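Colleague: Please take one part of this model and go through it closely. I would like a single connected account.

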Amino acid sequence: MICVKLSKTSWSVFDITTQAGEITTLEEQAAAPGFWNDQDNAKRAMRQLSRLKSNVAIWTETQQRINDALELAELDDDELRADLEAEANELTQTVERLTFRAKLSGEYDAEDAYLAIHAGAG
């Protein structure tokens, strides 16, 4: 029987280094013989791995786009100004969306939830 460690993560969405380490650990566990013997635990591990990879990819890509835009801005080329302004606007929206998402992230946010709405008086 393979035991897969699914930690109640204590990282924030901004802690990319820790998340990358957890990705490596989960990938190593997934490659171990007998990983799928416990289907429920394996599925939870794969869901966590997918969430971690998605979060790391989004923040890494955004950081790379910011770095690229800064390098182009350092060239101080008037012909690039319109492209840089468009990229800056897109990056601003992306960062605002990611920041909002980060504000809503917490310990139980990856879990399912039920919402019930009941009509009442008034």
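Modeller: Here is a close look at helix H2 and its partners.

This is a predicted model, so local features need pLDDT of at least 70, side-chain atom pairs count only at pLDDT 80 or more, and totals for chains, interfaces and linings use all residues. Residues are numbered from 1 along each chain as its sequence is written, and side-chain values use heavy atoms, with hydrogens and water left out.

Start with the helix itself. H2 runs over 39-74. Helices here are DSSP runs (H or I, at least four residues), numbered from the N terminus. H2 has 36 residues and spans 52 Å from its first C-alpha to its last. That is close to the expected 52 Å, where the expected span is 1.5 Å times one less than the number of residues. Just after H2, Asp 76 has a positive phi of about 50 degrees.

Now look at what H2 hides. Its buried residues include Asn 41, Gln 48, Asn 55, Trp 59, Thr 62 and Ala 69. Buried means under 20% relative accessible area, exposed means over 50%, and partly exposed lies in between (1.4 Å probe, protein chains only). The buried residues of H2 pack against H1 and helix H3 (81-103).

Next comes the largest nonpolar core. A nonpolar core is a set of buried Ala, Val, Leu, Ile, Met, Phe, Trp, Tyr and Cys residues joined through side-chain atoms within 4.5 Å. This one has eight residues: Ile 23, Leu 26, Phe 35, Ala 42, Ala 45, Leu 49, Leu 52 and Val 56. Helix H1 (16-31) and H2 each give two or more of them. H2 gives the most, with five.

Charged side chains also tie H2 to its partners. The structure holds four salt bridges, each a side-chain nitrogen of Lys or Arg within 4 Å of a carboxyl oxygen of Asp or Glu. One joins Glu 27 and Lys 53 at 3.0 Å, N to O. Glu 27 sits in H1 and Lys 53 in H2, 26 residues apart. Glu 27 is partly exposed, at 35% relative accessibility. Lys 53 is partly exposed too, at 39%.

Arg 65 reaches the other way. Its side chain meets that of Glu 87 in a salt bridge (2.9 Å, N to O). Arg 65 is in H2 and Glu 87 in H3, 22 residues apart. Arg 65 also pairs with Glu 90 (3.3 Å, N to O). Glu 90 lies in H3, so this pair ties together parts 25 residues apart in sequence. Through shared partners, Arg 65, Glu 87 and Glu 90 form one network.

Methods
Contact means heavy atoms within 4.5 Å.
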